[in-house]
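The following account leads through a protein model, from its secondary structure to its pockets, charged pairs and surface. Please keep the sequence and the coordinates in view while reading.

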Amino acid sequence: MDFGAQALGAGGHAGAGVDLMSWYMEIPPVSRLYLTGAFLTSAACAIEIISPFSLYFNYDLVVQGQIWRVITSYLFFGVFSVDFLFHMYFLVRYSRLLEDGDFRGRTANYVMFLLFGIFQISIVASYMNVEFLGSALTFMMAYVWGRRNEDVKMSFLGFLTFHAPYLPWVMLTFSVLIGNSPLMDIIGICVGHSYYFLEFVYPVIADIRGWQVKRILEPPAILRWLCGNPGDAERVHWR
């Protein structure tokens, strides 16, 4: 499977001798933090330091004070397995492409993107029987990246070629074909579409119609300060 080799260009030909630590440190900070958290969470479960039963999302337990479940439910992708590696691959690839692309130099906006996704997905999960939500957030990343890179050509298993906006739908179809539930994938796509509209479509409409509020998802000043870009001017290219 090759989702996006053409999007990365020469990166797909990197040799096996690439230093792992160098690769790790080249990952943008927010994506690196998420990858590290997911890996350490699965490692802690593998050696039985913590139990997955203390990590899954449950609205009743959250309102009773177990607030950490809102975060840990996005960090656990299962025990070390092929499925775990599959999820890590997509997490690193599309989180990194977003952070290095549309959100380059706009760390606070990328954190806002993730917080928006976590908030929306958690609300939906409160009404459904779903426990671990990281795959939905990954689908949200893939959806937004695909919509922002409409001309990028991608391939699936070397014979099916498609443009980037169809990526989440190809992933969804493949997931269904191998017997997985499409619920989390659909949630991620829906939340990704809502973010794409509010961040990239609504500002254009508001500007054309002269509405006073032109941007809805602006990160607060405290978040900009924490992310190290308090005076960051917006560098969003709407299209």
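Helices are DSSP runs of H or I with at least four residues, strands are runs of E with at least two, and both are numbered from the N terminus. The model is a predicted one, in which local features need pLDDT of at least 70 and side-chain atom pairs count only at pLDDT 80 or more, whereas totals for chains, interfaces and linings use all residues. Residues are numbered from 1 along each chain as its sequence is written, and side-chain values use heavy atoms, with hydrogens and water left out.

The protein chain contains eleven helices and two strands. Their order along the sequence is α-α-α-α-α-α-α-α-β-β-α-α-α. Burial is described here by relative accessible area: buried means under 20%, exposed over 50%, and partly exposed in between, with a 1.4 Å probe and protein chains only. Of the 239 residues of the chain, 44% count as buried.

Helix α6 is a convenient place to begin with the charged pairs. A salt bridge is counted when a side-chain nitrogen of Lys or Arg lies within 4 Å of a carboxyl oxygen of Asp or Glu, and the structure holds seven of them. In general, side chains of opposite charge can pair when their charged atoms come close. One salt bridge joins D100 to R96, with 3.8 Å between the closest N and O atoms. Both residues belong to helix α6 and are four residues apart, about one turn of the helix. D100 is partly exposed, at 30% relative accessibility, and R96 is also partly exposed, at 22%.

A further salt bridge links E199 and R106, with an N to O distance of 3.5 Å. E199 lies in helix α10 and R106 in the loop between α6 and α7, so this pair ties together parts that are 93 residues apart in sequence. Both E199 and R106 are buried. R224 and E218 also meet through their side chains, at 2.9 Å from N to O. Here R224 is buried, with a relative accessible area of 7%, while E218 is partly exposed at 29%. Through salt bridges that share partners, R106, E199, R215, E218 and R224 are joined into one network.

Which helices contribute to the lining of the second largest pocket? A pocket is found on a 1 Å grid over the protein atoms alone: unlike a cavity, a set of points where a 1.4 Å probe fits but cannot get out, it is an open set with protein on both sides within 12 Å along at least five of seven lines, and its lining residues have an atom within 4 Å of a point. At least two lining residues come from each of α6 (82-100), α8, α9 (167-177) and α10 (183-209). The largest share, five residues, is supplied by α6. The second largest pocket encloses about 560 Å³ of space, where grid points are joined across faces, edges and corners and the volume is the space filled by probe spheres set on the points. Its lining comprises 24 residues, of which D83, H87, S135, N180 and D185 lie nearest the centre. By residue class, the lining divides into twelve nonpolar, nine polar and three charged residues. In this division, Ala, Val, Leu, Ile, Met, Phe, Trp, Tyr, Cys and Pro count as nonpolar, Asp, Glu, Lys and Arg as charged, and the others, Gly among them, as polar.

Two pairs relate residues that are separated along the chain. I118, in helix α7, is buried at 16% relative accessibility. The C-alpha atoms of I118 and I71 are 8.2 Å apart, although 47 residues separate the two along the chain. F197 lies in helix α10 and is partly exposed, with a relative accessible area of 35%. Between F197 and V144, 53 residues apart in sequence, the C-alpha to C-alpha distance is 9.7 Å.

The loops complete the picture. E48 is placed in the loop between α3 (29-46) and α4 (59-63) and is exposed, at 70% relative accessibility. Most residues other than glycine have a negative phi. For E48, however, phi is positive, near 60 degrees. Y127 lies in the loop between α7 (107-125) and α8 (134-148) and is likewise exposed, with a relative accessible area of 73%.
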